[in-house]
Amino acid sequence: MSPSVLTPVSFNRRLKNHIVQGLVWLAFILAVIPLISVVWLVVKNGLARFDTEFLTHSMRNIGARDAGGGAYHAILGTLEQVALATLISVPVGLLTAIYLVEYGQGRRLARSISFFVDVMTGIPSVVAGLFVLAFWVLVLGLGYSGFAGALALSILMMPTVVRSTEEMLRLVPNELREASYALGVPKWKTILRIVLPTAFTGIVTGIMLSIARVAGETAPLLLTVFITDSINTDPFTGPQMGLPLYIFDQMGRPNDTAIDRAWAGALTLILFVMLLNLAARLIAWWRSPAKGR
């Protein structure tokens, strides 16, 4: 077939390829513009109060119109609440995913669990907060606390941990499992020594993303943690502030000093989420096959 016959076909393919590439780049730009604008707005307005005083002081004895004050109590509360939520949801999510992939294939219980995990994925965050408020605070009468907020956050984290871990476990080649079984290694030890280390990087990334997802939730904390201006280092007793609550509280005060504190709190929260994503990438790099770990 002569080149003159192939030229129109080749031209049409190149034209279609360029058009599709242009549409992809256009969609990417449209998606990035809002993200960049939000980040720029938060950084621009948050740097005015993002200083040592903001990171090391609370709002105790600071009036609505007073300058100064900080978000130390909120940062401490967020760290404790997210840590407790992680301790609750990660073991449950990991064990659930292991059962679904390694033991529950074809079983009715596994199908039921998978269905409820899908349902939990779509639960609004305020519903999780209402559930903990009704059961923990009102029925049991245990009151507002950082632990109550952690329970609500763990409900939101669990389906993300289950689904991400499940997908990573399914990516592990069956040949690795079969080789381990052929050597006489029990199934539980194969999962512990072969399957989980192979999927470790993806599992950690999913956990980090689930933590970043719940770190900025406000509705569950409003219903379970409440608001305080004082430092509360005990997450099991009394109201405890969190960064999302701090931002919500400061934005509702009608003065510029409070608004500046709210922007600084938003910047702190964004930096916290970025550090989590950076940690996930560092772990993925450290545990990459090229490193031999």
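**Briefing: cavity, pocket, surface patch and salt bridges**

Sorted by class, the residues lining the largest cavity comprise 6 nonpolar, 2 polar and 1 charged. The structure is a predicted model. Its largest pocket, by contrast, has a lining of 6 nonpolar residues, with no polar and no charged ones. The structure also holds 8 salt bridges, and a nonpolar surface patch covers about 590 Å².

**Largest cavity**
- The count of cavities of 30 Å³ or more comes to 1, and the largest cavity encloses about 30 Å³ of space.
- Its lining consists of T78, Q81, V82, L153, V214, A215, E217, L221 and P244.
- Helices α3 (72-103) and α9 (200-215) each contribute at least two lining residues, and α3 gives the most, with 3 residues.
- E217, one of the lining residues, also forms a salt bridge with R213 (3.9 Å, N to O).
- E217 counts as buried because its relative accessible area is 14%, under the 20% limit.
- R213 is partly exposed, with a relative accessible area of 37%.

**Largest pocket**
- The largest pocket has a volume of about 160 Å³.
- L35, V38, V39, I270, V273 and M274 form its lining.
- Helices α1 and α12 (256-286) each supply at least two of these residues.

**Nonpolar surface patch**
- F11, L15, I19, L23, L26 and L30 make up the patch of about 590 Å².
- F11 is located in helix α1, which spans residues 3-46.
- With a relative accessible area of 46%, F11 is partly exposed.

**Other salt bridges**
- The side chains of D229 and R253 form a salt bridge at 3.8 Å, N to O.
- D229 belongs to the loop between α10 (219-224) and α11 (243-251) and R253 to the loop between α11 and α12, so this pair ties together parts that are 24 residues apart in sequence.
- D229 is partly exposed, at 26% relative accessible area, whereas R253 is buried, at 14%.
- D118, R163, E166 and R170 are joined into one network by salt bridges that share partners.
- D51 and R49 are also paired through their side chains in a salt bridge (3.3 Å, N to O).
- D51 is partly exposed, with 31% relative accessibility, while R49 is buried, with a relative accessible area of 11%.

Key
Residues numbered from 1 in each chain as written. Predicted model: local features only at pLDDT ≥ 70, side-chain atom pairs only at ≥ 80, totals over all residues. Heavy atoms only, no water. Patch = residues over 30% accessible without salt bridge, like charges linked within 9 Å, V, L, I, M, F, W, Y side chains within 5 Å. Areas by Shrake-Rupley, 256 points an atom, 1.4 Å probe, with all protein chains shown as cover. Salt bridge = Lys/Arg side-chain N within 4 Å of Asp/Glu carboxyl O. Helix = DSSP H or I, 4+ residues; strand = E, 2+ residues; numbered from the N terminus. Buried < 20%, exposed > 50% of the residue type's maximum accessible area, 1.4 Å probe, protein only. 1 Å grid on protein atoms, 1.4 Å probe; cavity = no way out; pocket = protein on both sides within 12 Å on 5 of 7 lines; lining within 4 Å. Points joined across faces, edges and corners; volume = space filled by probe spheres on them. Nonpolar A, V, L, I, M, F, W, Y, C, P; charged D, E, K, R; others polar.
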